[in-house]
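Subject: A structure for you to explore

Hello,

Here is the structure I promised to pass on to you. Please open it and keep it beside this email while you read, so that you can look up each residue as it comes along.

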Amino acid sequence: CHLIHYLRLSHHLIVLNYLIYTFDMLKSASSEDINITDAIFDGVKVRVFEPPAKRDERLKRSVVYIHGGGWALASARTSLYNNLCGIIAESLNAVVISVEYRLVPEVCFPEQFHDVLRATKHFLQPDVLAEYSVDPSRIAISGDSAGGNLAAAVCQQLSKEENLTVRPKLQALIYPALQAFDFNTPSYQQNMNMAILTRPIMISYWVDYFNGNYDFIHSLLINNHTALDVGQAVSFRRHLNWTSLLPSSFKKNYKPVIQTTGKAEIVQEIPALLDVRAVPLLAENETLQLQPKTYILTCENDVLRDDGVMYAKRLENAGVEVTLDHFDDCFHGCVIFTVWPTDFSAGIQTRKSYIKWLDENL
């Protein structure tokens, strides 16, 4: 894919997605007990998973699910997410709405955010909820990785919209990507070369999401974009002080990487680096206080571990009830790896814990 990218034969992410879909066609992971249909919610494609209706049944719970993939890969229609959403629907007897937001390079930020926001607001309309027999008081917004980013950002936006009559009861974030301010948190340093998601790959996903310049990647890696002389970043630094937000077991012996002088032009050319719709961890406390009861799953072997842990702490400090579900022996992406030939115990373990929390709280 990198060769294709540099030769400009096509966008490397298009090629990678093609390979994913080609491999995915070889597998089948649907449940006969769940009715799966495709729909359009305010111009956005969604896949709906509905358990069979039961006689004299009350209204069902519901989960709006947003898939991961670096805002660029995968789909609500791939077997891995079909399988996950089908199991959520079956385990919880819940209606699951899986949002098929547009991907990089077709669109970049903020279009993915707008797609998920539009689809979610459409679903939250009382008449739409009634159509799917959903209880308006028992709805969760959830997602993994980049989908966890979008879930958190959309949840923040919904909390600020005064005209909504229905709001999510819960948010459940699975190893979410929540900030592009500091690429030298302890987990970024510890797991910089960890399989599945290395630090350079994660930075590349952010650059692609923002339609930024690849020439900035090295500067981002050493935090030149948030150096002390970059005025735009000054007011946000207090929201991402990992020396106070992380427990000592995560900080270990790692030291902050704070440049004295940097490159203000990076933030000038990519202002989304400090846009809370893209980086929810930078939200003000007034917004965090409005967030619903929250579940955050993190894995030790993951560059994004500290994003989730810091968000949990900031939400807790703002008065939100938070469950931080940390797995010492698991890795980024594991929740969807439950289907042969990638049926890992880490995936079964984390998925079971995630669904158990939803079942007990939704």
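Let me begin with Phe 344. At 37% relative accessibility, Phe 344 counts as partly exposed, since that value falls between the 20% limit for buried and the 50% limit for exposed. Please keep in mind that this is a predicted model. You will find Phe 344 in the loop between β8 and α16. Leaving out residues up to four places away in sequence, Phe 344 touches Phe 331 and Phe 337. Cys 334 is 10 residues from Phe 344 in sequence, and their C-alpha atoms are 7.5 Å apart in space.

**The annotated active site**

That loop between β8 and α16 also holds His 332, which brings us to the database record. Which residues does UniProt list under "active site"? The unreviewed entry names Ser 145, Asp 302 and His 332. These residues span 188 residues in sequence, yet no two of their C-alpha atoms are more than 10.6 Å apart, so they gather at one spot.

Take Asp 302 next, which is placed in the loop between β7 (293-301) and α15 (305-317). Is Asp 302 buried or exposed? Its relative accessibility is 1%, so Asp 302 counts as buried. Setting aside neighbours within four places in sequence, Asp 302 is in contact with Tyr 175, Ser 187, Asn 191, Leu 197 and His 332.

His 332 is buried as well, because its relative accessibility is 7%. Beyond its sequence neighbours within four places, His 332 has contacts that include Ser 145, Asp 302, Tyr 175 and Leu 197. The side chains of His 332 and Ser 145 are joined by a polar contact of 2.9 Å.

Just along the chain you can look at Glu 300, which lies in strand β7. Glu 300 counts as buried because its relative accessibility is 11%. Not counting residues up to four places away in sequence, Glu 300 touches several residues, among them Asn 191, Lys 252, Arg 305 and Asp 328.

The same UniProt entry is worth a look for its domain, too. The annotation "domain: Alpha/beta hydrolase fold-3", from an unreviewed entry, covers residues 63-218 and 275-335. In residues 63-218, helix makes up 42% and strand 17%, and the end C-alpha atoms lie 38 Å apart. Residues 275-335 are 28% helix and 31% strand, with 28 Å between the end C-alpha atoms.

**Two places to look at helices**

How many of the 11 residues in helix α8 are buried? Nine of them are, so this helix, residues 199-209, counts as mostly covered. The buried residues include Met 202, Tyr 205, Trp 206 and Tyr 209. At the start of α8, a side-chain oxygen of Thr 198 comes within 3.3 Å of the backbone nitrogen of Ile 201. Just after α8, Asn 211 has a positive phi of about 55°.

Gly 212 is in the loop between α8 and α9 (217-221). With a relative accessible area of 24%, Gly 212 is partly exposed. Gly 212 touches Val 207 and Ile 270, not counting residues up to four places away in sequence. The C-alpha atoms of Gly 212 and Ile 266 are 9.0 Å apart, although 54 residues separate them along the chain.

Now find α3 (residues 79-92) and α16, which pack at an angle of about 40° with their axes 10 Å apart. That angle makes α3 oblique to α16. The crossing of α3 past α16 is right-handed. Among the residues that meet here are Leu 84 and Ile 88 in α3, and Tyr 354 and Leu 358 in α16.

**Some backbone details**

Most residues other than glycine have a negative phi, and most peptide bonds are trans. With that in mind, here are some places to check. A cis peptide bond joins Val 104 and Pro 105, with omega about 5°. The bond from Phe 109 to Pro 110 is also cis, and its omega is near 10°. Pro 105 is in the loop between β4 (94-100) and α4 (111-123), and Pro 110 is in the loop between β4 and α4.

Asn 223 has a positive phi, near 65°, and counts as buried at 2% relative accessibility. Lys 252 has a positive phi of about 50°, and at 40% relative accessibility it counts as partly exposed.

Enjoy exploring!

Best wishes

Note on methods: Residues numbered from 1 in each chain as written. Predicted model: local features only at pLDDT ≥ 70, side-chain atom pairs only at ≥ 80, totals over all residues. Heavy atoms only, no water. UniProt positions renumbered as here; feature names shortened; annotations may be inferred. Helix = DSSP H or I, 4+ residues; strand = E, 2+ residues; numbered from the N terminus. Buried < 20%, exposed > 50% of the residue type's maximum accessible area, 1.4 Å probe, protein only. Contact = heavy atoms within 4.5 Å. Polar contact = N/O pair within 3.5 Å; in protein donor to acceptor, adjacent residues only side chain to side chain. Axes fitted to C-alpha atoms, helices over the stretch in contact; angles between N-to-C directions. Parallel < 35°, antiparallel > 145°, perpendicular 65-115°, else oblique. Left-handed = near helix turned anticlockwise from the far one by under 90°.
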